Amino acid sequence: MKISEIRELSTNDLQERIETESVKLHQTKLNHAITPLENPSQIKAARRDIARMKTELRQRELNK
């Protein structure tokens, strides 16, 4: 997910998206521990997307 797409989301949508992506990341990590993924870089990409969303959310809090 690109930063421009993240900025288009409303604050509530952004919070919901962070929660769902975090759950997906946790599930992916568990699945990877049991049976290795074909593309383990998915974990890295998901972690970075969550960080981008949290950064945008924090910037919105500071700009109020």
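**Exercise 1. Placing arginine 17**

Arginine 17 is found in helix 2; work out how accessible arginine 17 is and which residues arginine 17 contacts beyond its sequence neighbours.

Before starting, a word on the model: it is predicted, so local features need pLDDT of at least 70 and side-chain atom pairs count only at pLDDT 80 or more, while totals for chains, interfaces and linings use all residues. Residues are numbered from 1 along each chain as its sequence is written, and side-chain values use heavy atoms, with hydrogens and water left out.

*Solution.*
- Step 1: Fix the vocabulary. Helices (H or I, at least four residues) and strands (E, at least two) are DSSP runs, numbered from the N terminus.
- Step 2: Read the accessibility scale. Buried means under 20% relative accessible area, exposed means over 50%, and partly exposed lies in between (1.4 Å probe, protein chains only).
- Step 3: Apply the scale. Arginine 17 has a relative accessible area of 32%, so the residue is partly exposed.
- Step 4: List the contacts, meaning heavy atoms within 4.5 Å. Setting aside neighbours within four places in sequence, arginine 17 is in contact with Met1 and Met53.
- Step 5: Add a distance. From C-alpha to C-alpha, arginine 17 and isoleucine 50 are 8.6 Å apart, although 33 residues separate them in sequence.

**Exercise 2. The whole chain**

Describe the secondary structure of the protein and the box that its C-alpha atoms fill.

*Solution.*
- Step 1: Count the elements. The protein has 3 helices and 0 strands, which read along the sequence as α-α-α.
- Step 2: Look at the outline. Along the principal axes, the C-alpha atoms fill a box of roughly 45 × 15 × 15 Å.
- Step 3: Check burial. Of the 64 residues in the protein, 20% are buried.
- Step 4: Check the reach of the contacts. Among contacts with a separation of 6 or more, 71% come from residues 24 or more positions apart.

**Exercise 3. Two helices side by side**

How do helix 2 and helix 3 pack, parallel or antiparallel?

*Solution.*
- Step 1: Take the angle and distance. The axes of helix 2 and helix 3 are 10 Å apart and make an angle of about 155 degrees. Here, axes are lines fitted to C-alpha atoms, for helices over the stretch in contact, and angles run from 0 to 180 degrees between N-to-C directions.
- Step 2: Classify the angle. Angles under 35 degrees count as roughly parallel, over 145 as roughly antiparallel, 65 to 115 as roughly perpendicular and the rest as oblique. Helix 2 and helix 3 are therefore roughly antiparallel to each other.
- Step 3: Name the contributors. Helix 2 brings residues including Leu14, Ile18, Glu21 and Leu25, and helix 3 brings residues including Ile43, Ile50, Met53 and Arg60.

**Exercise 4. The nonpolar core**

Which residues make up the largest nonpolar core, and which helix gives the most to it?

*Solution.*
- Step 1: Define the core. A nonpolar core is a set of buried Ala, Val, Leu, Ile, Met, Phe, Trp, Tyr and Cys residues joined through side-chain atoms within 4.5 Å.
- Step 2: List the members. The largest core has 9 residues: Ile6, Leu14, Ile18, Leu25, Ile43, Ala46, Ile50, Met53 and Leu57.
- Step 3: Assign the helices. Helix 2 (11–34) and helix 3 each supply at least two residues of this core, and helix 3 gives the most, with 5 residues.
- Step 4: Zoom in on one member. Apart from neighbours within four places, leucine 25 is in contact with Ile43, Ala46, Arg47 and Ile50.

**Exercise 5. Charged residues under cover**

Decide whether glutamate 21, glutamate 56 and arginine 60 are buried or exposed, and find what arginine 60 contacts.

*Solution.*
- Step 1: Glutamate 21 lies in helix 2 and is buried, at 14% relative accessible area. Not counting residues up to four places away, glutamate 21 touches Ile50 and Met53.
- Step 2: Glutamate 56 lies in helix 3 and counts as buried at 9% relative accessibility. Beyond four places in sequence, glutamate 56 is in contact with Ile6, Arg7 and Leu14.
- Step 3: Arginine 60, in helix 3 (residues 41–62), is buried at 18%. Its contacts beyond four places are Ile6, Arg7, Leu9, Ser10, Thr11 and Leu14.
- Step 4: A polar atom of the arginine 60 side chain lies 2.8 Å from the backbone oxygen of leucine 9.

Technical notes
A polar contact is a pair of N or O atoms within 3.5 Å; within protein, one must be able to donate a hydrogen and the other to accept it, and residues adjacent in sequence count only if both atoms are side-chain atoms.
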